[in-house]
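Trainee: I am new to this structure. Could you take a close look at its cysteines for me, and then carry on outward from there?

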Amino acid sequence: METKVKQENLKATSAPIRISGAEAVIRCLLAEDANLIYGYPGGAIMPIYDEIFKFQDQLHHVLTRHEQGATHAAQGFARTSGKVGVAMATSGPGATNLVTGIADAQIDSTPMVCITGQVASHLLGSDAFQETDIIGISTPVTKWNYQITKASEIPEIMAKAFYIARSGRPGPVLIDITKDAQFELFDFVYEKCTGIRSYQPYPQLINESVAEAVRLIGEAKKPFVVWGQGVILGQAEEEFKAFLEKSGIPAAWTILGLSALPTAHPSNRGMVGMHGNYAPNLLTNECDLLIAVGMRFDDRVTGDLKTYAKQAKVIHLELDPAEVNKNVKADVALLSDCKISLQALTDQISTKTYPEWIQRFDDLDAIEKEKVIDGDLNPTKPGLTMGESVEMINKHSNADAVIVTDVGQHQMVACRYAKFSQSKSNVTSGGLGTMGFALPAAIGAKMGAPSREVVAVIGDGGYQMTIQELGTIFQQQVAVKIVILNNDFLGMVRQWQQLFFDKRYASTEMTNPDFVAIAKGYYIDAVRVDKREDLDQAVAKMMASEKPYFLEICVEKEDNVFPMIPTGASVSDIRLE
């Protein structure tokens, strides 16, 4: 006979109730409004899965086809919903399969709570079946982790886990629970965590620093803003827009900052970094004031640090003190939630314009358009390009879709050419660069924003790393649109081999399967396009579908992504060909 728990007030308890540790885990999740879980069951976490069955009317568990898929789906959910993603796995290989997604979430500041089962406490350290020291393994890639061996620890530790994951600079937390703690009975009471001694997630803004930043902005003749994901994580999109409009300063984004400001906004001058736009990269080394907002000066953005913006004063708006002066020395650091620091700056700066400085951007934009963009979006060559494929998605999504990308050439092309009108629209693996990210992340992104169209743009290489998640899409009927830009190569590696290794294409050419047949094997509508005259209709049909849909677009095999800054080179050394 099926056992289900009646729907009652299960989100919090003021009086103790005697329950098992496994049931306590579920009640903690419900108390945190975490009623969507991605995971994969196994022996060491079976008691918790038994409780998931009993509470299935109140939470939704998504069975992914691999534990890595669970973490990426939880990431995608967190990125579009703004909530904490939850992933779950058993001990040993189940837990270790989570590690790539955890590392990805750590470097990209994605709030996530991972729960793993563990062998019984009396077996710890004995090399028991499926025992792995997941606490030791995950320590370098989590914001916090903890192993629970007593059921009575569960409420406090779970409350801390969610507080730490979502507060300040977000990140992943892992909680490992021994099997005996899941079975053990105790008196359960849940209280949300609102603070932890010695953990100060939100630094206090110093007024003197604001005044000094305002002075530097007032004196600047060629100021430039580079923004990152901190604007989105801080929910500071409106404050950021107001600052740009009052200051008149041109701005560019890192790939994780993309969509915080609409693509069409006049202050938006494009992308910085290795495959970013010509003007913002080149002019980083011409500006006299660089204002960094919620970004960490990653090496893919700065290139050679010895030559990066040495002529400029630097104002760094940052929440995490560890990022200030780590790579680039700041003349003024505004340590605070950028929602607060941006508002403080906007209140005190004067309205200005910089016509000659803006014209410099326009002139360089025209050069890039002629040498790169026109060929990408309006090609004369017979084969399809990645750029025109992304542009066709723009046409049929009205710049309103969530675009989820994997890692490689297609990622850079999508970031360069996708158009966005609202925030939380760009979901990608930035810092870790995880191939295989996009397909499961798109599942979570759609569940986090069910009213929006979600399009996964993926290369043929990364797609095959997590292709099994088509099974999750089919079982859950998640209406994601999957676009494979197929060039039969590991394209980004091949580009480097062409440019820097005399075209020695070592282990980069792909012999691919029939992707359409595979998608249809999962009962997903699927089409293949290799002619320009068929592209418009194919994308239109995909976007009109209300079900999961697969579209393979066969593109030029040896197209390269430009502009490009060679590794270790200065941003001034950006190449257009």
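Mentor: Start with Cys28. Its sulfur lies 12 Å from the closest cysteine sulfur, which belongs to Cys193. A disulfide here would need the two sulfur atoms within 2.5 Å, so at 12 Å the pair is too far apart for a bond. Remember that this is a predicted model. Where does Cys28 sit, buried or exposed? Cys28 is buried, because its relative accessible area is 0%, and the cut-off for buried is under 20%.

Now take Cys114. Cys114 is in no disulfide either. For this residue the nearest cysteine sulfur is that of Cys28, 16 Å away. Cys114 is buried as well, with a relative accessible area of 0%. The count for the structure fits this: it holds 0 disulfides.

Next, the nonpolar cores. The largest has 101 residues. Phe240, Phe243, Leu290, Ile291, Val293 and Ile315 have the most contacts inside it. Helix 15, residues 355–377, gives the most to this core, with 6 residues. Look closely at Ile315. Set aside its neighbours within four places in sequence. Ile315 is then in contact with Ala213, Leu216 and Ile217, with Leu289, Leu290, Ile291 and Ala292, and with Val332 and Leu334. Another core lies apart from the largest one. This other core has 48 residues, and Ala70, Ala87, Leu98 and Val454 are among them.

Move on to helix 3, residues 67–81. How far should its 15 residues span? At 1.5 Å a residue, the answer is 21 Å. Its end C-alpha atoms are 21 Å apart, so the model agrees with the expected span. Helix 3 is also largely enclosed by the rest of the structure, because 14 of its 15 residues are buried. Just after helix 3 comes Gly82, with a positive phi of about 80 degrees.

Finish with helix 16, residues 386–397. This helix has 12 residues. From its first C-alpha to its last it reaches 17 Å, close to the 16 Å expected at 1.5 Å a residue. Helix 16 is mostly covered, with 9 of its 12 residues buried. Which ones are buried? Near the start of the list are Met386, Gly387, Glu388, Ser389 and Val390. Met392, Ile393, Asn394 and Ser397 complete it. Asn398 follows helix 16, and its phi is positive, near 55 degrees.

Methods: Residues are numbered from 1 along each chain as its sequence is written. This is a predicted model: local features need pLDDT of at least 70, side-chain atom pairs count only at pLDDT 80 or more; totals for chains, interfaces and linings use all residues. Side-chain values use heavy atoms; hydrogens and water are left out. Helices (H or I, at least four residues) and strands (E, at least two) are DSSP runs, numbered from the N terminus. The expected span of a helix is 1.5 Å times one less than its number of residues. Buried means under 20% relative accessible area, exposed over 50%, partly exposed in between (1.4 Å probe, protein chains only). A nonpolar core is a set of buried Ala, Val, Leu, Ile, Met, Phe, Trp, Tyr and Cys residues joined through side-chain atoms within 4.5 Å. Contact means heavy atoms within 4.5 Å.
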